[in-house]
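Welcome to a short tour of side-chain contacts. Please take a moment with the sequence and the structure before reading on.

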Amino acid sequence: QVQLVESGGGLVQAGGSLRLSCAASGSIFSMNTMGWYRRAPGKQRELVATITGGSSTNYADSVKGRFTISRDNAKNTVYLQMNSLKLEDTAVYFCNAAGYSRSGSRFDTWGQGTQVTVSS
């Protein structure tokens, strides 16, 4: 079993910054792609950013130039630095991680989500 615990969400004014963290724990042999997704009120969940084991990154067009995803492989942790936040960034942010457990089975796990609210 692999668990993800997110932290760092909260309330911030437009133009401000927040940093999300997501720590994975459990029976992890190797961690591949990690990522952040979000679900805004009344909308479907969408990709925000992903980062591969080799640190290649991918971003949604709406966050390019404002958000930065990074990871600490030694800690099995992924981060999302969010700058120049906009009202439309308000959403529940979910962490996702995929890899292989020590038993050899593949996992694809989601965190419980953390609320980010941007106010005017």
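A residue counts as buried when its relative accessible area is under 20%, as exposed when that area is over 50%, and as partly exposed in between. The model you are looking at is predicted. By this cut-off Arg-66 is buried, because its relative accessibility is 10%.

**Salt bridges**

Side chains of opposite charge can pair when their charged atoms come close. Across the whole structure, a search turns up 5 salt bridges. Here are some of them, with the distance between nitrogen and oxygen:

| Basic residue | Acidic residue | N to O distance |
|---|---|---|
| Arg-38 | Glu-46 | 2.7 Å |
| Arg-66 | Asp-89 | 2.7 Å |
| Arg-106 | Asp-108 | 3.9 Å |

Let us start with the bridge between Arg-66 and Asp-89. Its two ends come from distant parts of the chain, 23 residues apart: Asp-89 belongs to the loop between β8 (77-82) and β9 (91-101), while Arg-66 belongs to the loop between β6 (57-59) and β7 (67-72). Asp-89 has a relative accessibility of 0% and is therefore buried, and its partner Arg-66, at 10%, is buried too.

The pair of Arg-38 and Glu-46 brings together two settings. Arg-38 is buried, with a relative accessible area of 5%, whereas Glu-46 is partly exposed at 37%. Which residues are linked in a network of salt bridges? They are Arg-38, Glu-46, Arg-66 and Asp-89, so both of the bridges just described have their residues in it.

For Arg-106 and Asp-108, the closest N and O atoms are 3.9 Å apart. Here Arg-106 is exposed, with a relative accessible area of 54%, and Asp-108 is partly exposed at 44%.

**Aromatic rings and their neighbours**

Now for the rings. How many aromatic pairs does a search of the whole structure find? The search finds 1, formed by Tyr-37 and Trp-110 in an edge-to-face arrangement, with 5.0 Å from centre to centre and 65° between the planes. Tyr-37 is part of strand β4 (residues 28-39) and Trp-110 is part of strand β10 (residues 106-110), so this pair ties together parts that are 73 residues apart in sequence.

Trp-110 is partly exposed, its relative accessible area being 33%. The ring of Trp-110 also has a charged neighbour: the charged end of Arg-45 sits over it, 3.8 Å from its centre. Another such contact involves Arg-19, whose charged end sits over the ring of Tyr-79 at 4.1 Å from the ring's centre.

Terms used. Residues are numbered from 1 along each chain as its sequence is written. This is a predicted model: local features need pLDDT of at least 70, side-chain atom pairs count only at pLDDT 80 or more; totals for chains, interfaces and linings use all residues. Side-chain values use heavy atoms; hydrogens and water are left out. Rings of Phe, Tyr and Trp (its six-membered ring) pair if their centres lie within 6.5 Å; planes under 30 degrees apart count as stacked, over 60 as edge-to-face and the rest as tilted. Helices (H or I, at least four residues) and strands (E, at least two) are DSSP runs, numbered from the N terminus. Buried means under 20% relative accessible area, exposed over 50%, partly exposed in between (1.4 Å probe, protein chains only). A charge sits over a ring if NZ of Lys or CZ of Arg is within 6 Å of the ring centre and within 35 degrees of the ring normal. A salt bridge is a side-chain nitrogen of Lys or Arg within 4 Å of a carboxyl oxygen of Asp or Glu.
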